[in-house]
Amino acid sequence: MSFEGRDILSTEDLSKEDVLKIMNVAAQMENIVHTQHMSDLLADKMVAVIFMEPSTRTRLSFETAIQRLGAKLISVADPKTSSSQKGESLADMAKTVEGYVDCIVIRQPMTGGAKLVADAVDIPVINGGDGSGQHPTQALLDLYTIQKEKGTLEGLTVAMVGDLKYGRTVHSLSYALASFSPQYLYCAPDELQIPEKIIGDMQAEGISCQKTSDIKEALQADILYMTRIQKERFEEPAEYERLKKSYVLTRQLVEQGKDGIFIMHPLPRVDEITTDVDDLPNAAYFRQAHNGVFLRMALLAMVLGRA
């Protein structure tokens, strides 16, 4: 099915065939960057990047992707500069911006907010993160990274560690990889474990899911996906202080784990991976971040009918 005009809101909406097509187009975009650096594929298009929550990687990689494809960019990088500060609704904002551009990329703090925006407009909307809900482009760049470096997406044991309750990256990754016969190990304190809905959805697909609070169990997986404990999601500061250093991955711990375990992190990290892990060949998180440009180029080209 063509992606032209399609919203990218949740990895739950993507079939295995969808994911494989996106991976293929991302590889084409990576080749464009390495051989041509710039393209005029979207030279006649305008894209709005509206970020109402802080971001470095997602916002800058989207803006880089837009400009590498030759499109024009308008952006909101600070919600204080938008009319949301005056009480404007997301739907009204979206309907206004629709008159300026061909596609909207949005991050905002309300779970389900990206869908609200998509429902209000007739142009494609890409979810750059909606509260503790979904972050589909992060999950897709994670899959692209895994495919590049492991050579397959099939049959992998993936351990996700840290804030699994509020962590939209692990929510999206769970669904994105579900068509490829994974096994999941969810490692978190009880207070931050993966939502039961996700466990139920995975088990309904025949996917093995285990929960633990012991990172040494997680270190026996093929892929260790670390996440930070997200201070901004806690209502009680004391609860964050109690849980913030639940897991700290050190080089010594990695060396006790499965040989060649592949280490990922959506970034930013705070203190959950020590810097002595960074130069290990299987520490992929900075390469992972760079892959975001190619993946987001692919999605933009696809929803705008050019790939």
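Contact here means heavy atoms within 4.5 Å. With that in hand, take helix α7, residues 196–204, in this predicted model. Helix α7 lies across β6 and β7. Its direction runs at about 150 degrees to β7.

Those two strands belong to a sheet. Five strands form this open sheet, and the pairing is parallel. Read across, the order is β7-β6-β5-β8-β9. Strands β7 (208–212) and β9 (262–264) stand at the edges. Each has a single partner strand, so one side of each is left without a neighbour in the sheet. From one strand to the next, the twist averages 20 degrees.

Now look at the individual pairings. Strand β5 covers residues 157–161, and strand β8 covers residues 223–226. Four bridges join β5 to β8, and the two run parallel. Follow one of these links from V158: its bridge partner in β8 is I223. Helix α5, residues 136–150, packs on this sheet too. Helix α5 touches β8 and β9, and its direction makes about 160 degrees with that of β9.

Strand β5 also pairs with β6. Here the sense is again parallel, over five bridges. T157 has Q183 as its bridge partner in β6. Strand β6 spans residues 183–187. How much of β6 is covered? Most of the strand is: four of its five residues are buried.

Next comes another sheet. Four strands form it, in the order β2-β1-β3-β4. This sheet is open as well, with parallel pairing. The edge strands are β2 (72–76) and β4 (125–130), and each pairs on one side only. The twist averages 10 degrees from one strand to the next.

Within this sheet, strand β1 takes in residues 46–51. Five bridges join β1 to β2, and the two strands run parallel. One residue to find is V47, whose bridge partner in β2 is L73. Helix α3, residues 90–98, packs on the sheet. Helix α3 touches β1 and β3 (103–108). The direction of α3 makes about 155 degrees with that of β3.

Between α3 and β3 there is a loop, and V101 sits in it. Is V101 buried or exposed? Its relative accessible area is 7%, and the cut-off for buried is under 20%, so V101 counts as buried. Not counting residues up to four places away in sequence, V101 touches M46, V47, A48, I74 and I123. For a sense of distance, find V277. V101 and V277 are 176 residues apart along the chain. Their C-alpha atoms are separated by 42 Å.

Turn to a pair of helices. Two packed helices are described by the angle between their axes and the distance between the axes. Helix α2, residues 57–68, packs with α11 at an angle of about 50 degrees. The axes are 8 Å apart. That angle makes α2 oblique to α11. The crossing is right-handed. Which residues of α2 and α11 make the contact? From α2 come R57, T58, S61, F62, T64, A65, I66 and R68. From α11 come A289, G292, V293, R296, M297 and L300. By kind, the residues of this contact divide into seven nonpolar, four polar and three charged.

L300 deserves a second look. This residue has its place in helix α11, which spans residues 285–303. L300 has 0% relative accessibility, so L300 counts as buried. Beyond its neighbours within four places in sequence, L300 is in contact with L42, V47, F62, A65, I66, L69, C103, V105 and I126. V47 appears again in that list: V47 is also among the residues that V101 touches. Now compare positions along the chain and in space. L300 and E4 are 296 residues apart along the chain. Their C-alpha atoms are separated by 9.5 Å.

The last stop is E30. This residue has its place in helix α1, residues 16–35. E30 has 13% relative accessibility, so E30 counts as buried. Which residues does E30 contact, leaving aside its neighbours within four places in sequence? The contacts are Y144, K148 and F294. Y144 and K148 fall within helix α5 (residues 136–150), the helix that touches β8 and β9. F294 falls within helix α11 (residues 285–303).

Terms used. Residues are numbered from 1 along each chain as its sequence is written. This is a predicted model: local features need pLDDT of at least 70, side-chain atom pairs count only at pLDDT 80 or more; totals for chains, interfaces and linings use all residues. Side-chain values use heavy atoms; hydrogens and water are left out. Two strands pair if DSSP finds at least two bridges between them. Axes are lines fitted to C-alpha atoms, for helices over the stretch in contact, and angles run from 0 to 180 degrees between N-to-C directions. Buried means under 20% relative accessible area, exposed over 50%, partly exposed in between (1.4 Å probe, protein chains only). Angles under 35 degrees count as roughly parallel, over 145 as roughly antiparallel, 65 to 115 as roughly perpendicular and the rest as oblique. A crossing is left-handed if the near helix is turned anticlockwise from the far one by less than a right angle, and right-handed if clockwise. Ala, Val, Leu, Ile, Met, Phe, Trp, Tyr, Cys and Pro count as nonpolar, Asp, Glu, Lys and Arg as charged, and the others, Gly among them, as polar.
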